[in-house]
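Here are my notes on the model you sent round. They are in numbered points, so pick out whatever is useful.

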Amino acid sequence: MANTDLQTKYSKLAQEYSKLRAQNQVLKKGVVDEQANSASLKEQLKQREQSLRKQEQEMDSLSFRNQQLAKRVELLQEELAASDARGKKGKVIMRGKSKGDSPSQHGLQTQSVFDEDLQKKIEENERLHIQFYEADQQHRRREAELRARLEELERDADQHQTVVDGLNTKYVETIEKLQSDKARLEMKTQTLEREAKECRMRTEECQQQLRRCQSELNRQVKQSSSVIQEKVPFNDTKFSDYNSLNVPSHNRRHQLKARDVASQALSFIQDLVAALLNFHSYTEQRVHIYPLDSSLEPISPLNQKFSHYLLENAAYVRPLEESFLQLYQSITEDTVTVLETVVKLKNFAETFSTYTHFLQKILPYQLKSLEEECEAPLCTAALTVKNQELQSDMKKVTSAFEKLRSYINLLALPSVQQDAVPPSSTSAVFTQLAACLHSLHDAIKEMSKHYNQKASIEQELPTVTQKLCTTTECLLGSLGSLTSSTGKIATFFSNNLDFFTSPGYSPRGSSVTLNPLQAESMLANKKKAAAYIHAIKKTRPQSVPYREALSNRRILTSSTESREGLTQQVQQSQEKIARLEQEKEHWLLEAQLGKVRLEKENQRIADLEAQLTAALGGSPNAQTAAASTLSQSHEVADTEQKATGKEATLCTSLVGMLCTTPTVEHVGDEESREELIKTHYMTRVGELTTQLQISDSKAVHFHSECRALAKRLTIAEKSRETLSEEVKVANQNITRLQDELTTTKRSYEDQLSMMSDHLCSMNETLSKQREEIDTLKLGSKGNAKKNKGR
């Protein structure tokens, strides 16, 4: 199908390319015609210029003849005037002559004829002047019209030439673009053909896998149906009462999502706790500074009580973070996280309730403190208005915290009392909680805005100190962080509202919620199943090749006797090693006992020498007594040595040493022996503890590696999901680009059709202009002929 689509697209592109080539030929022909027309117009312009030059020459000749005629007429007029003057004189002189004088009469007749001829010439000259002037005016007017027409035609020709050039360049660009599109589409067709081949291969593989999966599923269905028919007496999932007793499967994805959401909420709660601590502490500092400075004069009892309560804020705010941290730690991958099993939520609800009680306790003091600020002598009207707005904002914030407390207590009820909140109402509670968080954010935002306005007004007061300015800036910063943290919490809760309202655990085929007993039994069953799978999962020994097994068998059969002898030698050597180790331990103990006895003997000799020196320094009786005591001590030492020699001969093993009956003289030796035995076993115990610690550390290391591998697996799953989304986006982009390609093709077709229509209209206009130019030529030729005839 893909190949047929590509062939159809390629054929369409070929047809479009042939159409474009044909249209390009038409455009080239039109351009050539326009160039020929422009050349003919230039020739006509040259002919018109030549005719204008001829007419100008004729005009110059006519003007020259006119000037000659004018000069001749002036001369004739002067002669006529002179002749008139002479005629008058002759009449006066010759008046008395006779009438029969014939020469004078003949002169008068010729003079009258000459006058008539001159009058005719004058009239003809005037008429010629008038005709020449009219012809000159008409010629100039016609020349101006023709020049204007020529300029207009030249402008039209230039415009047409620019249009033709633009169309030429545009069509060249479109042809180049279509050629590049054609090459790109050819490359795309090749890639699509390769992809189609790969898709066919994949479809064949998928079909084979599908057949295998279908056969495997059919086998499993048959096996499970036979097992159900033979082993299952009834199906308890059909009845809701029985199905509610079934333990649902553990949803690990839900647990991971719950832990992730809890970690995000913990970070937001930590930011909120830090912002609340800063806000209360900076409010307490401001109470000591404004309206009265506690370092200069005592503040009012109300503010003292208010500051005392504000100093206790950490006892109410810190437990919020600690209780939520305990809640986060109770949510693990192995637990079941639903409202009925999250027991630590009750502790968080209790700490939140104590904090709301704290806010209710300090609210009247806050309001009264703001009233005292309004009663200060330098408090302006604008500052009073801002304090009143802050009072309403604090009331709103306290009421928002109270609403949050009620909703959190409702959510904590199912973990304490079963069926306290019906499942149908939990979604409504979560939505109301989200709305309440948004209202809290809006209230704190308004309070921060009003505090900013109040701070800007206070800075204009003359009694403001630097300490008050810094405290106010810190208070505004804490309000800004409080606003941002509440906004983050509200958006976070709204974004995860679907997760909070969705049931994470329920038996199959029913919408019954999970109670804590079912959760405990489910986790216990999970642990038992994991232990059972771990117990039965044993690695099979690696198989030995047949030839290697045969060679091993020959070696074993040939060396049976040597093996038995070697085993006997090994046993004898092991027994000898054990006996030697016992003797080694015995002689070590004997050496230690000898050292102890040597030290005691040395001490005893030192004592005897001290007694002897004391006796020698006294009376002779004392000296004899000392000598007797010394002899007695030597005898006692000899007897002890003999006794020890007897013991050494009698006791040859550690057991014999321990079994000998102690005497009064050997009490110290036995105690030292016990101490040595204790030290020996303590060293052994220390070695075993070190080995145990090493094994524990290895186990912890392996556990951490397993945790890291699990995290990497989750990251890989997330990356796989993101890559699948990117693939979807890429497919959407491909479809979008295909749609854009079709739209561009249609637009190109529309533009080409419009350009062909435009060319047709241009040809019509050019033909009309040609006809007009021909008519103008004919009219100019007729005028030229008329002028020549004149």
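1. Let's start with the charge pairs. This is a predicted model, and the count of salt bridges in it comes to 17. As background, side chains of opposite charge can pair when their charged atoms come close. The next few points go through some of these pairs.

2. Take Arg149 and Glu772 to begin with. They form a salt bridge in which the closest N and O atoms are 2.0 Å apart. Arg149 belongs to helix H2 (residues 102-231) and Glu772 to helix H17, so this pair ties together parts that are 623 residues apart in sequence. Neither end is buried: Arg149 has 22% relative accessibility, so it counts as partly exposed. Glu772 also counts as partly exposed, because its relative accessibility is 35%.

3. Then there is Lys454 with Glu373. Their side chains meet in a salt bridge, with 2.6 Å from N to O. Here too the pair links distant parts of the chain, with Lys454 in helix H9 (residues 423-458) and Glu373 in helix H7 (residues 344-374), 81 residues apart. Are these two residues buried or exposed? Both Lys454 and Glu373 are buried.

4. That pair has company. Which residues are linked with Lys454 and Glu373 in a network of salt bridges? The network also takes in Arg286 and Glu458. If you look at one of these side chains, look at the others along with it.

5. For a local case, see Glu389 and Lys386. The closest N and O atoms of this salt bridge are 3.5 Å apart. Both residues sit in helix H8 (residues 381-416), with their positions 3 residues apart in sequence, about one turn of the helix. Their cover is not alike on the scale used here: Glu389 is partly exposed, because its relative accessibility is 24%, whereas Lys386 is buried, because its relative accessible area is 16% and the limit for buried is under 20%.

6. Now for a group of like charges. Glu717, Glu721, Glu725 and Glu726 form a negative surface patch. Of these, Glu717 is found in helix H17, which spans residues 667-789. Glu717 counts as partly exposed, because its relative accessibility is 34%. Helix H17 is also where Glu772, the partner of Arg149, lies.

7. There is a nonpolar patch on the surface as well. Tyr532, Ile533 and Ile536 make it up, and together they have about 330 Å² of accessible area. Tyr532 has its place in helix H12 (residues 516-536). How accessible is Tyr532? Its relative accessibility is 54%, so Tyr532 counts as exposed.

8. On the cysteines, how many disulfides does a search of the whole structure find? The search gives 0. In general, a disulfide is a covalent bond between the sulfur atoms of two cysteines. Two cysteines I looked at are Cys436 and Cys469. Cys436 is buried, because its relative accessible area is 4%. Cys469 is buried too, because its relative accessible area of 18% is under the 20% limit.

9. Back to helices H7 and H9, for some backbone distances. Leu359 has its place in helix H7 and counts as buried, because its relative accessibility is 8%. The C-alpha atoms of Leu359 and Phe401 are separated by 8.5 Å, while the two residues are 42 apart along the chain. In helix H9 you will find Asp442, which is partly exposed, because its relative accessible area is 46%. Between the C-alpha atoms of Asp442 and Thr486 there are 9.0 Å, with 44 residues separating them along the chain.

10. One loop residue to finish. Where is Leu378 found? Leu378 is in the loop between H7 and H8. Leu378 is partly exposed, because its relative accessible area is 40%. Measuring aside, the model places the C-alpha atoms of Leu378 and Pro291 9.5 Å apart in space, for a separation of 87 residues in sequence.

Definitions and conventions
Residues numbered from 1 in each chain as written. Predicted model: local features only at pLDDT ≥ 70, side-chain atom pairs only at ≥ 80, totals over all residues. Heavy atoms only, no water. Patch = residues over 30% accessible without salt bridge, like charges linked within 9 Å, V, L, I, M, F, W, Y side chains within 5 Å. Areas by Shrake-Rupley, 256 points an atom, 1.4 Å probe, with all protein chains shown as cover. Salt bridge = Lys/Arg side-chain N within 4 Å of Asp/Glu carboxyl O. Lys, Arg positive; Asp, Glu negative; His and termini not counted. Charge placed at Lys NZ, Arg CZ, Asp CG, Glu CD. Helix = DSSP H or I, 4+ residues; strand = E, 2+ residues; numbered from the N terminus. Buried < 20%, exposed > 50% of the residue type's maximum accessible area, 1.4 Å probe, protein only. Disulfide = S-S within 2.5 Å.
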